[in-house]
Protein chains: 2
Amino acid sequence: MIVTISRQFGSGGREVGKRLADALGLEYYDKQLVTEIAKSTELNENYVSEVLKNGGYRNYVFSFGRSIPLVSGTPNTITDILVAQQKIIKAIGEKGDCVIVGRSADAILAELSPVRIFVYADQESRVKRCRERAPEGENLTDKQLIRQMREIDKGRKKLHDLFSNYPWGDKDGYDLMLNTSYTNIKSIIPHLASLVCDFHVN
Amino acid sequence: MIVTISRQFGSGGREVGKRLADALGLEYYDKQLVTEIAKSTELNENYVSEVLKNGGYRNYVFSFGRSIPLVSGTPNTITDILVAQQKIIKAIGEKGDCVIVGRSADAILAELSPVRIFVYADQESRVKRCRERAPEGENLTDKQLIRQMREIDKGRKKLHDLFSNYPWGDKDGYDLMLNTSYTNIKSIIPHLASLVCDFHVN
C-alpha cells in the first residue's frame, strides 16, 4: 500500500501522514527525502530544501517574512534536484508500504495507484497552527505569515504541476480531501486509516 | 448532527447519503424535498424537479439527451420554489439529526455547522454508474449522457452558488471530499460514519 499526502502549508498534513503511517504500520517519508536528494546531488541540504519549497530556482529565499539572498546554486541545479527526487521516490514506491508527504509523490508514483490524500484548512486555522509550531524567535505579523504560507503553497503547486495532469489541490487528482479546520487530527486517524484501506482494495 | 451531501451527478452521492443516514440512525432527505416544495408552492412536482435540476427557469427541459419544451411555469415561480426550498430545509435543520442530499442544504444551514461532504468521481465512473441505473428505454450515446451530466451539474452549481460564499465543488466549502471512482461505497460507510462523528464533535 502506498499513501501520498499533499497538503496546504499549515494544514497539518505532515501530522496526518505521520500518524497514518504509524496506524497502518507503514514507512513514513517526508523531510528525510531532502537529505537523500542533497546526498545524491552533492548539493547543500538547505539549498535543496529551499529550491523544493520555492518551486524552482531563485537567487533568494523567503524566510521569516523577509527575502534573503542565496549564495549557492544555479538554474542548472534544479534539474539535478528534480531528477534525484524522481529517482528516490520511484525507488521508495517500488518497495511499497509507505506514506509519502509532499514531493509530488502522487504524480511521480501515479502508475502504482497510490491512495492520494489532500489535506487543507481555512486560513485562520492554518495561521493558528503555524503560530503554535513557530520556531523560537519567529516574530511575523499575520500579514507576513499569510504571505509566506501563500508563497510556499505556490511553490508546491508549481513543482507538482510539472509532473501531473491534475493541478495541485484540484479534487480530481485525489481520492480523499480532508479539511482539518474543524476536527482533531489525532482522533480521526483510526477512521481515516480504515477508510484508506478501502481505497486501496479497489 | 446534520450532514449535508453535495455531489456530482452519477458519483453515487445519494447512495452515500442514504447509507450514511442508516449507519448513523439519522433521518434522510432527498427527493421527498421536491414533493414538499411542490405541495407548498402548489406547483407541479415534475416542474419543480426540473427547475431545481436545471438551476432556474427554462422553457425547456433537458431529458434523455433531448430538449423538451416545458408547458408550465414562469420566471416568477423560481422565487416561489427557492423560498419554499429554504423554508423547508431550515425547518428540517432545526429538528436536526439528518442527512440532506443536495438542495444547497450546506449553504442554507451554514449557521448550524453541518458536516459538509462532497462526493465526486471521474467521468468514466460516472458514465458507468448512470448506465447501470438508467431507466428502462433510455438509449443515450456516451456523448449525450456526458452532456446531460454536465448540464445537471451546471444547474446544481448555479443554484448552490446563489446561497454560498464557496463555489459548488470548491474544497474550501466542504469538510470532506470523497472520490468514489476507486472504491466501493457500501464498504466505506462504517469508516466514513465514524469519521463524520469526529467532524461533528468540533
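This section describes a predicted model of two chains, going from their symmetry and contact to the shared sheet, the helices and a few single residues.

The two copies are related in a simple way. A turn of 180° with a shift of 0.0 Å along the axis lays chain A on chain B, and the RMSD of that superposition is 0.0 Å. This is the relation of a two-fold axis. The contact fits that picture: 100% of the interface residues of chain A are also interface residues in chain B, so the copies meet through the same surface.

The contact draws 22 residues from chain A and 22 residues from chain B. On the side of chain A that touches chain B, strand 7 (176–179) and helix 8 (185–201) of chain A each supply at least two residues. Helix 8 of chain A gives the largest share of this side, with eight residues. Sorted by class, the residues on the side of chain A that touches chain B comprise 10 nonpolar, seven polar and five charged.

Strand 7 also links the chains through strand pairing. Strand 7 of chain A and strand 7 of chain B are joined by three bridges and run antiparallel. Within this pairing, A:Leu178 has B:Leu176 in strand 7 of chain B as its bridge partner. As a reminder, strands of a sheet pair through backbone hydrogen bonds, either parallel or antiparallel.

The wider sheet is open, holds 10 strands and has mixed pairing, in the order 2(A)-5(A)-1(A)-6(A)-7(A)-7(B)-6(B)-1(B)-5(B)-2(B). At its edges stand strand 2 (27–29) of chain A and strand 2 (27–29) of chain B, each with a single partner strand, so one side of each is left without a neighbour in the sheet. On average, and with direction ignored, neighbouring strands of this sheet are turned by 15° against each other.

Strand 1 of chain B offers a good place to look at the sheet in detail. Strand 1 (residues 2–7) of chain B is joined to strand 6 (residues 115–120) of chain B by five bridges, and the two run parallel. In this pairing, B:Val115 in strand 6 of chain B is the bridge partner of B:Val3, while B:Phe118 in strand 6 of chain B stands opposite B:Ser6. Strand 1 of chain B is also joined to strand 5 of chain B, by four bridges and again in parallel. Here the bridge partner of B:Val3 is B:Val99 in strand 5 of chain B. B:Val3 thus has bridge partners in strand 6 of chain B and in strand 5 of chain B.

The side chains of this strand follow a familiar pattern. In a regular strand the side chains alternate between the two faces of the sheet. From strand 1 of chain B, B:Ile2, B:Thr4 and B:Ser6 point one way, whereas B:Val3, B:Ile5 and B:Arg7 point the other way, and all are buried. Strand 1 of chain B is accordingly mostly covered, with six of its six residues buried.

Turning to the helices, helix 2 (residues 32–41) and helix 3 (residues 45–54) of chain B pack at an angle of about 115°, with their axes 9 Å apart. Their crossing is right-handed. From helix 2 of chain B come B:Val34, B:Thr35, B:Ile37, B:Ala38 and B:Thr41, which meet B:Glu45, B:Val48, B:Ser49 and B:Leu52 in helix 3 of chain B. This contact between helix 2 and helix 3 of chain B has five nonpolar, three polar and one charged residues.

A few single residues also deserve a look. Most residues other than glycine have a negative phi, and most peptide bonds are trans. A:Ser113, by contrast, has a positive phi near 50° and is not a glycine. A:Ser113 lies in the loop between helix 5 (105–108) and strand 6 (115–120) of chain A. A:Ser113 counts as partly exposed because 14 C-beta neighbours lie inside 10 Å. In chain B, B:Ser113 has a positive phi of about 50° and sits in the loop between helix 5 (105–108) and strand 6 of chain B. B:Ser113 is partly exposed, with 14 C-beta neighbours inside 10 Å.

Finally, A:Lys143 belongs to helix 7 (residues 142–163) of chain A. With 9 other C-beta atoms within 10 Å, A:Lys143 is exposed. A:Lys143 and A:Val127 are 16 residues apart in sequence, and their C-alpha atoms are 10.0 Å apart in space.

Conventions:
Residues numbered from 1 in each chain as written. Chains lettered and ligands numbered in written order. Predicted model: local features only at pLDDT ≥ 70, side-chain atom pairs only at ≥ 80, totals over all residues. Least-squares fit on C-alpha atoms with pLDDT ≥ 70 in both. Contact = placed C-beta atoms within 7 Å. Buried ≥ 20, exposed ≤ 12 C-beta atoms within 10 Å, placed from the backbone. Pairing = 2+ DSSP bridges. Axes fitted to C-alpha atoms, helices over the stretch in contact; angles between N-to-C directions. Left-handed = near helix turned anticlockwise from the far one by under 90°. Nonpolar A, V, L, I, M, F, W, Y, C, P; charged D, E, K, R; others polar.
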